[in-house]
Amino acid sequence: MHPMLEDIQLVAFDLDGTLIDSVPDLAAAVDAMLSERGLPAAGEARVRDWVGNGSHKLVERALQWACLREPAEAETDAALARFMDFYGQDPCARTRVYPGVVKALERLHERGIIVTLITNKPAAFIDPLLRGLSLASFFQLALGGDSLPEKKPHPAPLLHMAEHFGVAPANALMVGDSRHDVEAGKRAGFRTLAVPYGYNHGEPVAESGPDGIVESLEELV
Ligand SMILES: O=C(O)COP(=O)(O)O
Ligand SMILES: [Mg+2]
């Protein structure tokens, strides 16, 4: 067992960039939304750096880039609705589970560790993604970016999760790819583990000072 798991009773996984490489489908939906507005396509490389603060922020960043100005709130809301429509059509089309993920989830499950999901993605997409990628059975509870009034890097979703299962934050581990996961974990009093292969606005996640880093989640088990 990896030393990071010592005394750990609950693991909260981030989704995008940690368990799944979802940028191809996110970028396709962003570009479909932009194209409908007569705006240039952003492409996967840009979208990769915009993911991490939920869909509203993703759409706002896309509009900002394409229009070269701050979008009005109503403009962002309308574009967000279209993005949600496009993304919701087939969120698993080109999205793939990262190597080592299934093995890690299986082993944690076998050890009786509570496995949960805390993503900043809207909750409506969680079920279609987990089912479509055959991951749903591993998770005892999943929270989206709009499940509670606050999202990561706020510690609220993590504290909610720990409290729900009656686990002390010191016995819980947050696993993510971005500074928002590490910050939320530290603020909640969780142990923090980062993966370097995901999306972190183009910066190494090591700069956030997680308690540990693994190249693949398989290393965890
Ligand atoms: O939707 C996002 O921006 C990121 O979602 P995540 O929290 O699963 O990385
Ligand atoms: Mg992430």
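Which strands does helix H7 lie across, and at about what angle does H7 run to S5? I began my notebook with this question, and I keep in mind throughout that the model is predicted.

**Entry 1: helix H7 and the sheet**

I looked up H7 and found that it lies across strand S1 (10–13), strand S4 (114–118), S5 and S6, and that it runs at about 160° to S5. I then followed the strands themselves, and I noted that 6 strands form an open sheet in the order S5-S4-S1-S6-S7-S8, with parallel pairing. Strand S5 (141–143) and strand S8 (212–213) stand at the edges, and each has a single partner strand, so one side of each is left without a neighbour in the sheet.

**Entry 2: strand S6 and its partners**

Next I asked myself which residues of S6 are buried on each of its two faces. I found Ala 172, Met 174 and Gly 176 buried on one side, with Leu 173 and Val 175 buried on the other, and this agrees with the count, in which 5 of the 5 residues of S6 are buried. I wrote beside this a reminder that side chains in a regular strand alternate between the two faces of the sheet.

I also checked how S6 is joined to the strands beside it. S1 and S6 pair in the parallel sense over 4 bridges, and here Val 11 stands opposite Leu 173 in S6. S6 is joined to S7 by 4 bridges as well, the two strands running parallel, and I noted that the bridge partner of Val 175 in S7 is Leu 193. Going on towards the edge, I found that S7 and S8 pair in the parallel sense over 2 bridges, with Ile 213 in S8 as the bridge partner of Ala 194.

**Entry 3: helix H8**

Why can helix H8 be called largely enclosed by the rest of the structure? I counted 8 of the 10 residues of H8 (residues 179–188) as buried, and therefore the helix is largely enclosed. Among the buried residues I listed Arg 179, His 180, Asp 181, Val 182 and Glu 183, and Ala 184, Gly 185 and Ala 188 belong to the list too. The buried residues of H8 pack against helix H7 (156–164), strand S6 (172–176) and strand S7 (191–194), which brings me back to the elements of my earlier entries.

I then looked at Lys 186, which is found in helix H8. Lys 186 has 19 C-beta neighbours inside 10 Å and counts as partly exposed, because a residue needs 20 or more to be buried. Its C-alpha atom is separated by 9.4 Å from that of Pro 153, although the two residues are 33 apart along the chain. Just after H8, I noted that Gly 189 takes a positive phi of about 85°.

**Entry 4: domains and ligand 1**

I turned last to the whole chain, which is divided into domain 1 (3–21 + 95–220) and domain 2 (23–89). The contact takes 15 residues from domain 1 and 13 residues from domain 2, and the side of domain 1 that touches domain 2 has 3 nonpolar, 8 polar and 4 charged residues. I also recorded that the C-alpha centres of the two domains lie 25 Å apart.

Which residues come nearest to ligand 1? Of the 13 residues around it, I found that Leu 15, Asp 16, Thr 119, Asn 120 and Lys 121 come nearest. The shell around ligand 1 has 3 nonpolar, 7 polar and 3 charged residues, and it draws at least three residues from each of domain 1 and domain 2.

Terms used: Residues are numbered from 1 along each chain as its sequence is written. Chains are lettered from A and ligands numbered from 1 in the order in which they are written. This is a predicted model: local features need pLDDT of at least 70, side-chain atom pairs count only at pLDDT 80 or more; totals for chains, interfaces and linings use all residues. A residue is near a molecule or strand if its C-beta atom, placed from the backbone, lies within 6 Å of it. Ala, Val, Leu, Ile, Met, Phe, Trp, Tyr, Cys and Pro count as nonpolar, Asp, Glu, Lys and Arg as charged, and the others, Gly among them, as polar. Domain bounds come from an automatic or database domain assignment. A residue is buried if 20 or more other C-beta atoms lie within 10 Å of its own, exposed if 12 or fewer, and partly exposed in between; C-beta atoms are placed from the backbone. Two residues are in contact if their C-beta atoms, placed from the backbone, lie within 7 Å. Two strands pair if DSSP finds at least two bridges between them. Axes are lines fitted to C-alpha atoms, for helices over the stretch in contact, and angles run from 0 to 180 degrees between N-to-C directions.
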